[in-house]
Each structure stands twice: as structure tokens, then as C-alpha cells.
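Please work through the exercises below with the coordinates open, and try each task before reading its solution.

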Amino acid sequence: MKLEVVSTVEEIRSDQINNRTVIVIDVLRASTTIVTALANGFPSVIPVETIGQANLLKGSRTILVGERHCKKIADFDYNNSPTALCQAEKKDADVILTTTNGTRAIQKAERAQPLLIGCFLNATACIRHALSFHQDITLFCAGTRQEFALEDGLAAGLMAHLAKRITPALHTNDLAELMHLAYLQTAPALAQCLRTTTTGKRLVQHNFANDIDFCAQVDHYQLVPIVKEGRILPYLVS
């Protein structure tokens, strides 16, 4: 069995998706928002690429969540903010989500079986569930504005670290090894590190520093989002 880290949406190839378990990682903030929404009682998350697609799905049992370049989309209920969804009142509604990078990555990996969503909040639960399928694993970093995002790589590094402890014979690619070492180096001050990344700096400028601190929590939830027929559903790890 092998584990491979892919750095951005633009870098992913079909052979890294087909017949593999794929984990989409967008720490700041789509993956974290998805995990948080499902952990806080929202029944499902429906990822879409465009604002128009989101508006077409709007109904009495949905809320619209999304951003473009960190800013909340006009007329949407919430920004792509995990802390905002923790405070949301209407938690019996499906979340319609569109983001700059994360939902694009999910759409691009839709052929994967299974397709999981991971971040720091559910790292151990997510990689354990991925290993249970006994097939090669791709950790798919969403990146930011067509570039590699360090926070995604660090979460992938944590998952690679955990996977190698669980399955010592696991083969990893060079980027997985690099991110594994990077995570071990930055783990003692993870939230501070995330604030210094390109996306982290952008979020601080837009007054979302609290989101960064929330996103940096490791294993806060024992839940794995799974994409099934265009809808993301929760799998609770016992």
C-alpha cells in the first residue's frame, strides 16, 4: 500500500484518483467548515463550484455558506467559517457550500471511491478510516489560488505520520515525507504557524484569526465526512 501527497488542485492526475482512497484537505477553511458543520448537527453538506449553482439549490431546508477570496458571498447566510457554523441556529438544514479552492478540489476528485474530507480537526479518525479500505491513498491538498498552501501540506504531513505509525510498511512519496517532517517541526506551535501562511495572513487581515485557532485543533472531532452522490455525509468513528 502507498500514500501520496498531491500539492494543489492543478497538480492532481486521474491515476491519483481512480481506484484510490482520496482525502481532500483544505484546512483554511473548507475542510474544517465541512467537518464542523456535520459534527454540529447539520445533516449534510452539498459542495458546488459556482455561486449560481448554490442559488439554484436554495430552499427552506438549506443554508448558503461560502466565500470568494475570504469574503462572504452577498446574500449568503454565512461565510466559509467553522466558528460561525458552531453558532448557527438553523442546524436542521443542509449546507450548500461553495469556496474558492476546497469545493473545486472535491468536484475534481469525485470519481474516487471512497472520497473523504480531512483536516486537523479529524486527522486521526480520517486516516484510520482511509486505511480501513486497504487501497492506495491520495492526500489531495486544495491549495490557495493555484498555489501550494502550507497548512494543507502540514495536515497531510500529520496524516502521513499517523498512517506510518499504524501501517509501518506503507510507502510514501517525497512530498509526504517532507510534509511529515514539517508537521513534526511545527506541531508545538501549530496555530502560530498557520497564521504565518499565505492564507493565514489573508484571514488575519479579514479579522478571521479566531477561525485559524479553531482550524489548528488536532483531533477535536471523531467524524469523517464521506462524499456520496454529490452530498457529504458524516461517518462517526466508534
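The exercises that follow concern a predicted model, and they move from the whole chain to single residues.

**Exercise 1. Overall form**

Task: Decide what the radius of gyration of the protein chain says when it is set against the value expected for a compact globule.

Solution: Begin with the chain length of 238 residues, for which a compact globule would have a radius of gyration near 18 Å. The protein chain has 16 Å, which agrees with that expectation. As a next step, take the box along the principal axes, where the C-alpha atoms fill roughly 50 × 35 × 35 Å. Then turn to the contacts with a separation of 6 or more, of which 75% join residues 24 or more positions apart. Finally, the secondary structure of the protein chain amounts to 10 helices and 11 strands.

**Exercise 2. Surface and charge**

Task: Describe the accessible surface of the protein chain and the placing of its charges.

Solution: The accessible surface comes to about 10,100 Å², and carbon and sulfur atoms contribute 49% of it. For the charges, take the 23 positive and the 23 negative ones as two sets; their mean positions lie 2 Å apart.

**Exercise 3. The interior**

Task: Find how many residues the largest nonpolar core has, and which of them have the most contacts inside it.

Solution: Start from the burial of the protein chain, in which 57% of the 238 residues are buried. In soluble globular proteins, nonpolar side chains tend to be buried together. Here the largest nonpolar core has 41 residues, and Leu3, Ile23, Phe120, Ile127 and Leu139 are those with the most contacts inside it. Helix α6 (residues 150-166) supplies the largest share of this core, with eight residues. There is also a second, separate core of 34 residues, with Ala37, Ile117, Ala142 and Tyr221 among them.

Ala37 leads on to helix α1 (residues 30-39), since it is one of the buried residues of that helix. Nine of the 10 residues of α1 are buried, and the helix is thus mostly covered. Just after α1, glycine 41 takes a positive phi of about 105 degrees.

**Exercise 4. Two residues and their surroundings**

Task: Classify glutamine 16 and leucine 175 as buried, partly exposed or exposed, and list their contacts beyond four places in sequence.

Solution: Glutamine 16 sits in the loop between β1 (2-6) and β2 (21-25). Its relative accessible area is 3%, under the 20% limit, and therefore glutamine 16 is buried. Its contacts outside the four-place window are Glu4, Val6, Glu11, Val22 and Thr138.

Leucine 175 belongs to helix α7 (residues 174-186). Its relative accessibility of 24% falls between the limits of 20% and 50%, so leucine 175 counts as partly exposed. With the same kind of window applied, leucine 175 is in contact with Val5, Val6 and Ser7.

**Exercise 5. Backbone geometry**

Task: Locate the cis peptide bonds described by omega near 15 degrees and omega near 0 degrees, and then examine the positive phi values of cysteine 70 and asparagine 207.

Solution: The bond with omega near 15 degrees runs from leucine 28 to arginine 29, and arginine 29 lies in the loop between β2 and α1. The bond with omega near 0 degrees runs from glutamine 113 to proline 114, a proline in the loop between α4 (102-108) and β7 (115-118).

Cysteine 70 has phi near 80 degrees and is placed in the loop between β4 (62-68) and β5 (71-72); at 6% relative accessibility it counts as buried. Asparagine 207 has phi of about 65 degrees and is placed in the loop between α9 (198-205) and α10 (209-215); at 67% relative accessible area it is exposed.

Conventions:
Residues are numbered from 1 along each chain as its sequence is written. This is a predicted model: local features need pLDDT of at least 70, side-chain atom pairs count only at pLDDT 80 or more; totals for chains, interfaces and linings use all residues. Side-chain values use heavy atoms; hydrogens and water are left out. Helices (H or I, at least four residues) and strands (E, at least two) are DSSP runs, numbered from the N terminus. The radius of gyration is taken over C-alpha atoms; the globule rule is 2.2 Å times the number of residues to the power 0.38. Buried means under 20% relative accessible area, exposed over 50%, partly exposed in between (1.4 Å probe, protein chains only). Contact means heavy atoms within 4.5 Å. Accessible areas come from the Shrake-Rupley method with a 1.4 Å probe; for residues, only the protein chains shown count as cover. Lys and Arg count as positive and Asp and Glu as negative; His and the chain ends are not counted. The place of a charge is taken as NZ of Lys, CZ of Arg, CG of Asp or CD of Glu. A nonpolar core is a set of buried Ala, Val, Leu, Ile, Met, Phe, Trp, Tyr and Cys residues joined through side-chain atoms within 4.5 Å.
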